[in-house]
Amino acid sequence: MLEQYLQRHPPPVMIFSGPEGVGRWSAAEAYIQQSFCETGNGCGVCAACRKINRGEHADLIRFPEDRVLIGESDDPEPFTIRWLLRTRVCYTPFDGKLRFVLFPRADLIQHEAETALLKTLEEPPEHTRFLLLVRNLSEIKPTIVSRGVVIPFQLLPAPVLEGLTGDLGAADRELLGGSLALAGFLRSALAVRMRDLLRQGLQHPKALGDLERWLAQGERKNFADQGYDEELTYLELLDAFTGMMLQEIQGRPERAALARAVLEFKGDLHRELSGLHPYLLGRMFQRLDWILFRKSKAASR
């Protein structure tokens, strides 16, 4: 679809929709670069390509991966919607025929800002193209979806994933689940440490308690101490831990009961309530301890 739009008049609004780690942002940037490129193939050496690579192309407005506000009515701050509409979109491009506006996290456009942007998307300037990246179309207003062309992205097939992550083992590639979102973490010392502690915790109750404390302290201490560069959030790291756990309990006689405890924890992780993580960790590890080390003793008495 993108290759076709490079050859003919591109739509004013394109929505790149799909999971994290499957190439939405890379595809969007490659598409923009080829559109600007003097040779039309994203050569990387022409003046336009060099400006893009340096982040200096005047006709590429790349919003940060943060909340997008509507902005003050009198003097709107940079990278707010009023700033975009009043100081950029209303003027013709600087260097070429087109200007691109990229929202890498369109789900973070706040309600008022989204409403203000919608008016422009209904009748976009001839010289401006909008690219919105979302994980799911439900993250933006249906009225915006109806005014754009959706470019769908899917999870990566196993052969493609293996070609991109050949340095990872089979267990780690299984954890990826068709996405590259966890690839950096799985190459880190933190992932090795997490799996080692998990294996120890499944063998002894004291080690299981140590693992619980290590995870509970990870948000403010342990993970940072191990040099992890915060590519993933604490919530995402806990989510990755559940995947490791489900792998490690395969073949164990208590697998079904352990899996129920882990999956309940995984499901409740995404309830956005302040201070919930310590409670959920404590509840899960209490259940794990009972299943692994206490249930059989209680039954034998």
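**Notes on strand 3 and its surroundings**

1. Starting with strand 3: Arg 99, Val 101 and Phe 103 point to one side, Phe 100 and Leu 102 point to the other, and all are buried. Bear in mind that this is a predicted model.

2. What does that say about the strand as a whole? Strand 3 covers residues 99–103, and five of the five residues are buried, so the rest of the structure largely encloses it. The cut-off behind "buried" here is under 20% relative accessible area.

3. On one flank sits strand 2 (residues 60–62), which runs parallel to strand 3 and is joined to it by three bridges. If you want a pair to look at, Arg 62 has Leu 102 of strand 3 as its bridge partner. The link between the two strands involves helix 4 (residues 81–89): strand 2, helix 4 and strand 3 form a right-handed β-α-β unit.

4. Strand 3 also pairs with strand 4 (residues 128–134), again in parallel, through five bridges. Here Val 101 has Phe 130 in strand 4 as its bridge partner. To get from strand 3 to strand 4, the chain passes through helix 5 (residues 111–122), and this β-α-β crossover is right-handed.

5. Over to helix 13 (residues 255–269), where I'd do a quick geometry check. Its 15 residues at 1.5 Å each should span 21 Å, and the end C-alpha atoms are 21 Å apart, so the two agree.

6. Which residues of helix 13 are buried? They are Ala 257, Leu 258, Ala 259, Ala 261, Val 262, Phe 265, Asp 268 and Leu 269. When reading that list, remember that an α-helix has 3.6 residues a turn, so residues three or four places apart point the same way.

Terms used
Residues numbered from 1 in each chain as written. Predicted model: local features only at pLDDT ≥ 70, side-chain atom pairs only at ≥ 80, totals over all residues. Heavy atoms only, no water. Helix = DSSP H or I, 4+ residues; strand = E, 2+ residues; numbered from the N terminus. Expected span 1.5 Å × (residues − 1). Buried < 20%, exposed > 50% of the residue type's maximum accessible area, 1.4 Å probe, protein only. Pairing = 2+ DSSP bridges. Right-handed = clockwise from strand over helix to strand, strands pointing away.
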